[in-house]
Amino acid sequence: MIAPKYIKFHVEPQSNSQYNGISNVRIANGAVPLYDRLTTDGKITTYAITFDVGKATLKPEADTEINRIKSIMVQNASLKFEVQGHCDNTGTAAVNNKLSQQRAEAIVARLVELGISADRLTAVGKGSSEPIADNSTDEGRAKNRRVVFLKK
């Protein structure tokens, strides 16, 4: 467990005896390590594996997260994942189903290319059928575009 951190504020009164201050401060613990998320949730949900718009082409920056998944799998030789691709609801269901499947397959192919055995990975496209946020906003659609590594 991470020890809580404290921030000390010192506020000087203004000439009119009123105080200026900060309210509604929230301090986050930071990113929870991937393996910790896996052991507590049985899955890893990531937004760091990105693709070209409307394509299953992995962007170069996706390799950072894919390499983190690879490391977990190397350290845990019996670990198997169902790699789930999820889309927002932009486009038709048929297009999203196909695209999410192709994206999941691209991730599996990249992990296999990095030395992970193909029999430890299954690609599943979920399309836009399992949203976790409101598809009517840009922020919601961004949350729905995700990859889930579900422990098998």
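**Entry 1: getting my bearings**

I count as a helix a DSSP run of H or I that is at least four residues long, and I number helices from the N terminus. With that settled, I could place Ala 104, which lies in helix α3. I am working with a predicted model.

I then stepped back to the whole protein. I found four helices and four strands in the secondary structure. Reading along the sequence, I noted the pattern α-β-α-β-α-β-α-β. The protein has 152 residues, and 30% of them count as buried. I also looked up the contacts between residues at least 6 apart in sequence: 68% of these join residues at least 24 apart.

**Entry 2: helix α3**

I went back to α3, which runs over residues 93-113. How far does α3 reach from its first C-alpha to its last? With 21 residues, α3 spans 30 Å, close to the 30 Å expected at 1.5 Å a residue.

I listed the buried residues of this helix next. Asn 96, Leu 99, Ser 100, Arg 103, Ala 104, Ala 106, Ile 107, Val 108, Arg 110 and Leu 111 are buried in α3. Which elements do the buried residues of α3 pack against? I found α2, β2, β3 and β4 as their partners.

Just past the helix I stopped at Gly 115, which follows α3 and has a positive phi, near 110°.

**Entry 3: two residues of α3, side by side**

I picked Ala 104 and Lys 98, both for a look at accessibility. Is Ala 104 buried or exposed? Its relative accessible area is 0%, which is under the 20% cut-off, so Ala 104 is buried. Leaving aside neighbours within four places in sequence, I see Ala 104 in contact with Val 83, Gly 85, Ala 123 and Val 124. For Val 83, I looked up the spacing too: it is 21 residues away from Ala 104 along the chain, and their C-alpha atoms are separated by 5.8 Å.

Lys 98 is also found in helix α3. Its relative accessibility is 56%, over the 50% cut-off, so Lys 98 counts as exposed. I noted Lys 126 as a residue to compare it with: the two lie 28 residues apart in sequence and 8.9 Å apart in space, C-alpha to C-alpha.

**Entry 4: Ile 66 in α2**

I moved on to α2, which covers residues 62-75 and holds Ile 66. Ile 66 is buried, because its relative accessible area of 0% is under 20%. Which residues does Ile 66 touch, not counting those up to four places away in sequence? I wrote down Ile 49, Leu 58, Arg 110, Leu 111 and Leu 114. Two of these names, Arg 110 and Leu 111, were already in my list of buried α3 residues. Arg 110 is 44 residues away from Ile 66 along the chain, with 7.9 Å between their C-alpha atoms.

**Entry 5: Ala 48 in a loop**

I wanted a residue outside the helices and strands, and chose Ala 48. Its place is in the loop between β1, residues 43-46, and α2. Ala 48 has a relative accessible area of 35%, which falls between 20% and 50%, so it is partly exposed. Not counting residues up to four places away in sequence, Ala 48 touches Glu 61, Ala 62 and Glu 65. I also checked Asp 63, which is 15 residues from Ala 48 in sequence and 9.0 Å away, C-alpha to C-alpha.

**Entry 6: Gln 84 in β2**

Strand β2 is where I found Gln 84. Gln 84 is buried, because its relative accessible area of 7% is under 20%. I looked for polar contacts and found one of 3.2 Å that joins the side chains of Gln 84 and His 86. Beyond residues up to four places away in sequence, Gln 84 touches Val 124, Lys 126, Arg 146, Val 147, Val 148 and Leu 150.

**Entry 7: the largest pocket**

I finished with open space. How much space lies in the largest pocket? I have it at about 420 Å³. The pocket is lined by 23 residues, and the closest to its centre are Phe 51, Val 53, Asp 88, Arg 103 and Arg 145. The elements giving two or more residues to this lining are β2, α3 and β4. Which element supplies the largest share of the lining? It is α3, with six residues. By class, I noted 10 nonpolar, seven polar and six charged residues in the lining.

Methods
Residues are numbered from 1 along each chain as its sequence is written. This is a predicted model: local features need pLDDT of at least 70, side-chain atom pairs count only at pLDDT 80 or more; totals for chains, interfaces and linings use all residues. Side-chain values use heavy atoms; hydrogens and water are left out. Buried means under 20% relative accessible area, exposed over 50%, partly exposed in between (1.4 Å probe, protein chains only). Contact means heavy atoms within 4.5 Å. On a 1 Å grid over the protein atoms alone, a cavity is a set of points where a 1.4 Å probe fits but cannot get out, and a pocket is an open set with protein on both sides within 12 Å along at least five of seven lines; lining residues have an atom within 4 Å of a point. Grid points are joined across faces, edges and corners, and a volume is the space filled by probe spheres set on the points. Ala, Val, Leu, Ile, Met, Phe, Trp, Tyr, Cys and Pro count as nonpolar, Asp, Glu, Lys and Arg as charged, and the others, Gly among them, as polar. A polar contact is a pair of N or O atoms within 3.5 Å; within protein, one must be able to donate a hydrogen and the other to accept it, and residues adjacent in sequence count only if both atoms are side-chain atoms. The expected span of a helix is 1.5 Å times one less than its number of residues.
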